[in-house]
Structures are given as structure tokens and as C-alpha cells.
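Trainee: I've got this one open in the viewer and I'd like a close look at a single part. Could you take me through the greasy bit on the outside, and then carry on into whatever lies around and beneath in the rest of the chain?

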Amino acid sequence: MPTGATPERPSGDLPGDRLRAVHDLCERGEPLDDIMAIVRADGLSPDERRQFDAEVLSGPLGTRFDTAVKRGPARRRELLSHLIPYLATVDPAVKRELPVARRLAYHLVETRDQAELIEGDTLVKVVTAAAEPSKRVRKGWRWYADLPFRDELPEELYRLRRADLVPVTQIDDISWRDGKLVISGHAYLAGLSVRRRRFNRATVVLRGPRYLPPVRLRTRRVFRPEATYGAREPGCNYDWSGFTAELRPSALRWRAGLRALVRGSKRLLRRRPTVKDTTTWRAEIVIWSRRARAVGLLRGPAIGRTERPAGLEVRRRWWIRPVWTSDRALQVVLQPTRAELRDVHYDSERVELKVFLPDRSVNKGHARLGGHRMAADFTPSRAAPRSSSGSPRPRCSRRRTGAGSGSSPRATPRPPSCSAARRRAARSWPTARSRCRPTAATAWWSPRTASAPRSPR
């Protein structure tokens, strides 16, 4: 019988593994007995239990709650028989920080008579109202949701909290202008109209490693009426929800230099060589709209060129690039060039890639394509950055390696020589200088030999 329980912790994150198991069981429509057995299982610390309860109640278990409420008294009776004992063990602070619709529904489950909830339409009204965009009401310095039973329940249950104030964002364009990165799009809080620029601010913030100060971009609001049309929310106006943010590369360079100094010092104290590393900043947007403040990730690229933004080379082989994560969130990275694709050659059965590996000296290694390990040829290059690196199958080059060669350097590569004088000069070169020469690698890939490449002829 499938229970979704994981006997081991492959990812090292027990709350995450349990949450995924609960989500899978809810998606497949498994019995509530199996789901609640995982939800109420022991083994979590108090902090992990609070985090797990918050994600389960607002996520898969909340979706299962909505489905059961709409399917009649029998399903509601089964759901409440499992949910009421579980809610009694949840921390009150967790229930207070849930989204307003979930908070209201669980409060009714705990306080109202069970027979009334099963046979009546109390829960149906709440679930139906929560499925549609609700009106926001401001009282003093706080915002509240306009949901059923406001005259019967405490007003604090309807207050909008952090889980309800999530910015709705879309990035329409990312480009470089006069050496600055310009990000334009729109961002607003659902249900809070933005009819004018006054009392309406937005700031884009880049957050990197925790010890680096955040980068606050110069952001201004712009007129963007298409946001109102795209939202399709009756009674809401988001004409002034557009924004434009500018980033100077110098703000990232000195922060990356500080990080390189800290990391390099730690590696030297451990007697390890320093390495060029990538520094990543995640993009967030902070919105102040009529006394409501919200923070959220900047996500949602428009279809087209925005999904493939260009980078800027700030110095030799160092680039600033806007990138998108798997969940369509924006990040900005400052990274070195570890490999340059120089040439691609294709014939009827093979694909040859030539790649240049700057500031690296290796004479043996391998390439990977789709998880398949292939042998490759690495050639030391004395010329300027003319190089190659490749994908799987080796071809004729200065130096060759077998199919089982490793990826770490085995010996100092000899410089190419064409005369006896150049050979004598090469022997007299210091070892450190020879290690700094770039490397060229050439590899072939053949569909017929993807799993077991043959030796090059």
C-alpha cells in the first residue's frame, strides 16, 4: 500500500521530504489515513515542526480541504475527523500567520459545531469566496480582507499578513544602456489599486551572500496601463504599477572583490589555492502601497528576448549576466569565463566542438554530453586566447588521452615547439609559468558510440 513514507533521507532535508510525500499523496487522491500518518509523524524539531505545519496547511492539505468541502457531507465528515485533532496540536502562531482564507476556515473548524459544518454551507461559503479575488478594506494603518462572517468573527482574523501580501510581478525588458543594466516591468499587490504615483513606491533590491550589503537599484514608477488589462480584476486599477530599475556594474564589482578577498584568505589559511568564483545576487522587489508593505522575488519574464537577456563584459573574461532560475525568478551573476566555445563542426555522424579553457593547464581529462563521459584531446596553447574545448569524442590534436582518463591534471604540459631553440627555451621555462598557459581541447561525439566511445584514428 503506497504511503509515501521515505525510509531514508536522500536529500538531508526531512521536512522537505515529508512535504513532497504529502504533496504526491494528495495529487494521487490517496486516503486521508495515509496522508495524516505522514503529517503527524514524529522526528521533527520544534522549529522544523512549525515550518512543516505552515507549509502543509497552506499547501497540499489546504487544497485537499477545498476539494472535500465541495463534495458533500460525507467527505466533510471524513475530513473533519482527521483535521480537528491535528489542528489542536499546531502552534497558534503558525495558524495566525497563514493566508487569510486558510486562517478563517481553520478557525471555523475549531470553533463551530461539527454537525453544523458537515450539514450546513458554512465552509462552502468560505471556500467559494476565497477562490475569487476578494476586496481589500483599509482601517487605519491596516488592511483587511472582505470575506464572509465579518460581523460574527474577530476582526483580527481578516487582517492581511505577509502570506497575503505577495507582489504580482512581470519583467517586460532587460537591456544594457550606457553601461547600466535596465530592468522594466510592472509589480503590484493584488486587490490594492494603483491609480496614481502618489503613496506608491517600489524598490528593486539585489541580495547576495549574507555578509555582503544589499544593492538597492534606482527605481521609479512609470505608467503601465496594460497591467490593468492583463490582471482582469473588476474594480482594480494598476495603471501606475510599472517600474524601471537601473544597476551600475561597479556596485557588484567591489562587493564581489570583497567576497573574493574573504574566500581567498580562508583558502590560503587552509593551504589551498585560490580560485575564481561566481557571485550570485537574487532580485527582490519591495512595494509600499498606501501603508501596505510587501517583499517578494522578482519573477515572470515576458515571452521573447526577455527570457534570454544579454550580458556585459566588465573586464577581460569577467561578465555580468542576468539569468533566470527554474522557477522563473531573476538573478544577476558576476562570473568568470571558464570555457569559450570557438567552433562547431557537424558531419553526417559526428559533432565536433572546439572549446578554449583560459588560465587552465591540463593534458588529460574528459567531456560530458547528456551524462555520457567521453574522452577528449587537450592541447596547450601559447597563442592568444585561441582555444577549444569540446564535447565528447576525441579527435586528432597535440595530446591525446584514453577513454578512461581523469579530469584532473596529471603532468605539466609541454609547450608546442617547432625548432631546437624553442625546445631548449621550453625546458628552461619555470613550472609556474607553464601552468598558466591556456589549454585547447577537441572532442567528437557520435550517436553510435555515445555510451562507449572508440579510440580516435
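Mentor: Start with Trp254, Leu258 and Leu261, which make a nonpolar surface patch of about 310 Å². Keep in mind that this is a predicted model. Trp254 sits in helix α11, which covers residues 249-269. Is Trp254 buried, exposed or partly exposed? Its relative accessibility is 46%, so it counts as partly exposed; the cut-off for exposed is over 50%. For the wider setting, the accessible surface of the chain comes to about 25,700 Å², and carbon and sulfur atoms own 49% of that.

Now go inside. Of the 457 residues in the chain, 43% are buried. The largest nonpolar core has 80 residues, and Phe65, Ile183, Leu206 and Leu298 are the ones with the most contacts inside it. Click on Phe65: leaving aside its neighbours within four places in sequence, it is in contact with Leu79, Leu83, Ala105, Tyr106, Val109, Leu123 and Val127. There's also a second, separate core of six residues, with Tyr188, Val194, Ala227 and Ala231 among them.

Some of those Phe65 partners take you to helix α7. Ala105, Tyr106 and Val109 are among the buried residues of α7, along with Val100, Arg102, Arg103, Leu104 and Leu108. Helix α7 runs over residues 100-111, twelve residues in total, and reaches 16 Å from its first C-alpha to its last, close to the 16 Å expected at 1.5 Å a residue.

For another way into the interior, pick Ile285 in strand β9, residues 279-289. Ile285 has 0% relative accessibility, so it counts as buried. Again leaving aside neighbours within four places in sequence, Ile285 is in contact with Pro167, Thr169, Ala187, Ala202, Thr203, Val204, Phe243, Ala294, Val295, Gly296 and Leu298. You've met Leu298 already, as one of the residues with the most contacts inside the largest core. Leu206 is another of those, and its C-alpha lies 8.7 Å from that of Ile285, although the two are 79 residues apart along the chain. As for the chain overall, residues 24 or more positions apart account for 64% of the contacts with a separation of 6 or more. The secondary structure comes to 13 helices and 20 strands.

Next, the charges. Side chains of opposite charge can pair when their charged atoms come close. How many salt bridges does the structure hold? There are 27. Take Asp17 and Arg20, where the closest N and O atoms are 2.3 Å apart. Both lie in helix α1, residues 14-28, three residues apart, which is about one turn of the helix. Asp17 is buried, with a relative accessible area of 7%, whereas Arg20 counts as partly exposed at 45%.

Back in strand-land, Glu284 and Arg282 meet through their side chains in a salt bridge with an N to O distance of 3.0 Å. Glu284 counts as buried at 10% relative accessibility, while Arg282 is partly exposed at 37%. With Glu156 and Arg161 the salt bridge is 2.8 Å, N to O. Here the arginine is the buried partner, with a relative accessible area of 12%, and Glu156 is partly exposed at 35%. Both of these residues also belong to a network of salt bridges that links Glu97, Arg142, Glu156, Arg159 and Arg161.

Last stop, a couple of backbone angles. Most residues other than glycine have a negative phi. Phe149 has a phi near 65°, a positive value in a residue other than glycine. You'll find Phe149 in the loop between β2 (142-145) and β3 (167-177). With 17% relative accessibility, Phe149 counts as buried. Arg291 also has a positive phi, about 70°, although it is not a glycine. Arg291 is in the loop between β9 and β10, the latter being residues 292-297. With a relative accessible area of 48%, Arg291 is partly exposed.

Key. Residues are numbered from 1 along each chain as its sequence is written. Side-chain values use heavy atoms; hydrogens and water are left out. A nonpolar core is a set of buried Ala, Val, Leu, Ile, Met, Phe, Trp, Tyr and Cys residues joined through side-chain atoms within 4.5 Å. Buried means under 20% relative accessible area, exposed over 50%, partly exposed in between (1.4 Å probe, protein chains only). Contact means heavy atoms within 4.5 Å. Helices (H or I, at least four residues) and strands (E, at least two) are DSSP runs, numbered from the N terminus. Accessible areas come from the Shrake-Rupley method with a 1.4 Å probe; for residues, only the protein chains shown count as cover. Patches are made of residues with over 30% relative accessible area and no salt bridge: like charges are joined within 9 Å, nonpolar side chains (Val, Leu, Ile, Met, Phe, Trp, Tyr) within 5 Å. A salt bridge is a side-chain nitrogen of Lys or Arg within 4 Å of a carboxyl oxygen of Asp or Glu. The expected span of a helix is 1.5 Å times one less than its number of residues.
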